[in-house]
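Trainee: Could you take me through one part of this model slowly? I'd like a close look at the metal site and how the rest of the chain sits around it.

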Amino acid sequence: MLNRQDQYEGLRSALEEQLQRQTDELTELTIHSGEPERNGHDPHQIAARIATTRQSLADTAQALRRIADGSYGRCGRCQADIPVERLEIRPHARYCVPCQAKGA
Ligand SMILES: [Zn+2]
């Protein structure tokens, strides 16, 4: 069985890939955001996707920072360990499930 640190190592690679993907997506969206409205291209929709992608990118970058400073995997609210199974599904999760449910 892997210890937590080894498991985080796998999550870190996943987060780094995610960061790269989101950066590429943001670049792509930014290129298209300047184009005029036409069939199949809605600048408002692009702007909304840019905002969402930017937010996800910030979450991902923050998770990587938490891995670097050793606070990764702990709930930002109650300090409980976030189960690795949850982190594997949402590597950028900042809160444990109960805190997330409470709207942390
Ligand atoms: Zn919590």
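Mentor: Sure, let's start at the metal and then work outward along the chain.

Keep in mind that this is a predicted model. The metal is a zinc ion, held by the SG atoms of Cys-75, Cys-78, Cys-96 and Cys-99 at 2.3 Å. Look at the angles next: the four donor atoms subtend 105 to 115° around the zinc ion, so the arrangement is tetrahedral. For comparison, ideal angles for four tetrahedral donors are 109.5 degrees. Now find the cysteines in the sequence, where the donor residues follow the spacing C-x2-C-x17-C-x2-C.

Let's zoom in on Cys-96. You'll find Cys-96 in the loop between α3 and α4, with α4 covering residues 97-101. Is Cys-96 buried or exposed? Its relative accessibility is 7%, and anything under 20% counts as buried, so Cys-96 is buried. Cys-99, another of the zinc donors, is buried too because its relative accessible area is just 2%. Skip the neighbours within four places in sequence, and Cys-96 is in contact with Cys-75, Cys-78, Ile-82 and Arg-86. Two of those names should ring a bell, since Cys-75 and Cys-78 also coordinate the zinc ion. For a sense of scale, try Glu-37: Cys-96 is 59 residues from Glu-37 in sequence, and their C-alpha atoms are 42 Å apart in space.

Between the cysteines there's a residue worth pausing on, Gln-79. Gln-79 is in the loop between α2 and α3. Gln-79 isn't a glycine, yet its phi is positive, at about 70°. With a relative accessible area of 47%, Gln-79 is partly exposed. Ser-71 is in the loop between α2 and α3 as well, and at 22% relative accessible area Ser-71 counts as partly exposed. From Ser-71 to Gly-103 you go 32 residues along the chain, and the C-alpha atoms of these two residues are separated by 21 Å.

What does the UniProt record say about this part? An unreviewed entry there puts "zinc finger region: dksA C4-type" at residues 75-99. In the model, the end C-alpha atoms of residues 75-99 are 8 Å apart, and the span is 36% helix and 0% strand. The unreviewed entry in UniProt also has "domain: Zinc finger DksA/TraR C4-type" at residues 70-102. For residues 70-102, the end C-alpha atoms lie 25 Å apart, with 33% helix and 0% strand.

Next, how does the zinc site link to the rest? Follow Cys-75, a zinc donor that also belongs to the largest nonpolar core. That core has 15 residues, and Tyr-8, Leu-15, Tyr-72, Cys-75 and Leu-87 are the ones touching the most other members. Helices α1 (4-33), α2 (43-69) and α3 (84-89) are the elements that each give two or more residues to this core. Tyr-8 shows how the pieces meet: leaving out residues up to four places away in sequence, Tyr-8 touches Ile-67, Tyr-72, Gly-73, Val-84 and Leu-87. There's also a separate core of five residues, among them Leu-29, Ile-46, Ile-50 and Leu-57.

Now trace α1 itself. UniProt, again in an unreviewed entry, marks a "coiled-coil region" at residues 5-32; here residues 5-32 are 100% helix, with end C-alpha atoms 40 Å apart. At 1.5 Å a residue, the 30 residues of α1 should span 44 Å, and the 41 Å between its end C-alpha atoms agrees with that. The buried residues of α1 include Tyr-8, Leu-11, Leu-15, Gln-18, Gln-22, Leu-26 and Leu-29. Spacings like these make sense because an α-helix has 3.6 residues a turn, so residues three or four places apart point the same way. The buried residues of α1 pack against α2 and α3.

Gln-18 is a nice one to click on in α1. Gln-18 is buried, since its relative accessible area is 13%. Beyond its neighbours within four places in sequence, Gln-18 is in contact with Thr-60, Pro-91 and His-92.

Finally, α2. Its 27 residues should span 39 Å at 1.5 Å a residue, and its end C-alpha atoms are indeed 39 Å apart. Ile-46, Ile-50, Thr-53, Leu-57 and Thr-60 are among the buried residues of α2, and the buried residues of α2 pack against α1.

Key
Residues numbered from 1 in each chain as written. Predicted model: local features only at pLDDT ≥ 70, side-chain atom pairs only at ≥ 80, totals over all residues. Heavy atoms only, no water. Donors = N, O, S within 2.8 Å, 3.2 Å for Na, K, Ca; no water. Tetrahedral: all angles 85-135°; square planar, octahedral: opposite > 155°, others 65-115°. Buried < 20%, exposed > 50% of the residue type's maximum accessible area, 1.4 Å probe, protein only. Core = buried A, V, L, I, M, F, W, Y, C linked by side-chain atoms within 4.5 Å. Helix = DSSP H or I, 4+ residues; strand = E, 2+ residues; numbered from the N terminus. Contact = heavy atoms within 4.5 Å. UniProt positions renumbered as here; feature names shortened; annotations may be inferred. Expected span 1.5 Å × (residues − 1).
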